[in-house]
Amino acid sequence: MTQRETAKIIYVIKATYPNAFQRYTAKDLDNLIAAWSSVMEDYSYEVASAGLKIYLSSDTKGFPPSPGQVIDCILKVTTPPSKELTVDE
């Protein structure tokens, strides 16, 4: 994902959780975009956007996601379920 695409992701998060970003300066946002970009560089914008959508649709706590939480949502939908039996099964 490019930094420009990462910025789109961040601005969706900012629009969804405006209170969390009230005191952010332009430099703070640039740093946030750079940090997210380095973590999300192996994912396409489409996949990251889908992961964010999953996070947003299931968030009940009201806090913006970290990159790891978005990646977790991506992995939930892109990783096939295990064929092994669980302890309960």
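## Overall architecture

The protein chain contains four helices and zero strands. Read along the sequence, these elements give the pattern α-α-α-α. The model is a predicted one. Taken along the principal axes, the C-alpha atoms of the protein chain fill a box of roughly 50 × 30 × 15 Å.

Of the 89 residues in the protein chain, 27% count as buried. The chain exposes about 6300 Å², and carbon and sulfur atoms supply 54% of that area. Among contacts between residues at least 6 apart in sequence, 66% join residues at least 24 apart.

## Helix H1

Helix H1 comprises residues 3-16, and its 14 residues should span 20 Å at 1.5 Å a residue. The C-alpha atoms at its two ends are indeed 20 Å apart, which agrees with that expectation. Within H1, the buried residues are Thr6, Ala7, Ile9, Ile10 and Ile13. Viewed down the axis of H1, these buried residues fall within an arc of 160 degrees, so they line one face of the helix. An α-helix has 3.6 residues a turn, so residues three or four places apart point the same way. The face of H1 turned away from the buried side carries the exposed residues Arg4 and Ala15. Cover for the buried residues of H1 includes helix H2 (26-40) and helix H3 (45-58).

Three residues illustrate the surroundings of this helix. Thr6, found in helix H1, is buried, with a relative accessible area of 1%. Leaving aside neighbours within four places in sequence, Thr6 is in contact with Met1, Ile33, Trp36 and Ser37. With the same kind of neighbours left aside, Ile13 is in contact with Phe21, Trp36, Leu52, Pro64 and Pro65. Thr16 also belongs to helix H1, but it counts as partly exposed, at 40% relative accessibility. From C-alpha to C-alpha, Thr16 and Leu56 are 8.4 Å apart in space, although 40 residues apart in sequence.

## Helix H2

Helix H2 has 15 residues, which at 1.5 Å a residue should span 21 Å. Its end C-alpha atoms are 21 Å apart, in agreement with this value. The buried residues in H2 are Leu29, Leu32, Ile33, Trp36, Ser37 and Met40. Around the axis they cover an arc of only 135 degrees, which puts them on the same side of H2. What covers these buried residues includes H1, H3 and H4.

Ser37 is found in helix H2 and, at 10% relative accessibility, counts as buried. Not counting residues up to four places away in sequence, Ser37 touches Met1, Thr2, Gln3 and Thr6. The contact with Thr6 is thus one between a residue of H2 and a residue of H1.

## The nonpolar core

The largest nonpolar core has 19 residues. Those that touch the most other members are Ile9, Ile10, Ile13, Phe21, Trp36, Met40 and Val70. H1, H2, H3 and H4 each supply at least two residues of this core. The largest share, five residues, comes from H2.

Several of these names recur from the helices described above. Ile9, Ile10 and Ile13 are among the buried residues of H1, while Trp36 and Met40 are among those of H2. Ile13 is itself in contact with Phe21 and Trp36, both of which are listed with Ile13 among the core residues that touch the most other members.

## The salt bridge

How many salt bridges does the structure hold? There is one salt bridge. Side chains of opposite charge can pair when their charged atoms come close. The partners here are Lys76 and Asp72, whose closest N and O atoms are 3.5 Å apart; the cut-off for such a pair is 4 Å.

Both partners lie in helix H4 (residues 67-78), and because they are four residues apart there, about one helical turn separates Lys76 from Asp72. Are the two partners buried or exposed? Lys76 counts as exposed, at 59% relative accessibility, whereas Asp72 counts as partly exposed, at 39%.

Conventions
Residues numbered from 1 in each chain as written. Predicted model: local features only at pLDDT ≥ 70, side-chain atom pairs only at ≥ 80, totals over all residues. Heavy atoms only, no water. Salt bridge = Lys/Arg side-chain N within 4 Å of Asp/Glu carboxyl O. Buried < 20%, exposed > 50% of the residue type's maximum accessible area, 1.4 Å probe, protein only. Expected span 1.5 Å × (residues − 1). Arc of directions from axis to C-beta. Contact = heavy atoms within 4.5 Å. Core = buried A, V, L, I, M, F, W, Y, C linked by side-chain atoms within 4.5 Å. Areas by Shrake-Rupley, 256 points an atom, 1.4 Å probe, with all protein chains shown as cover.
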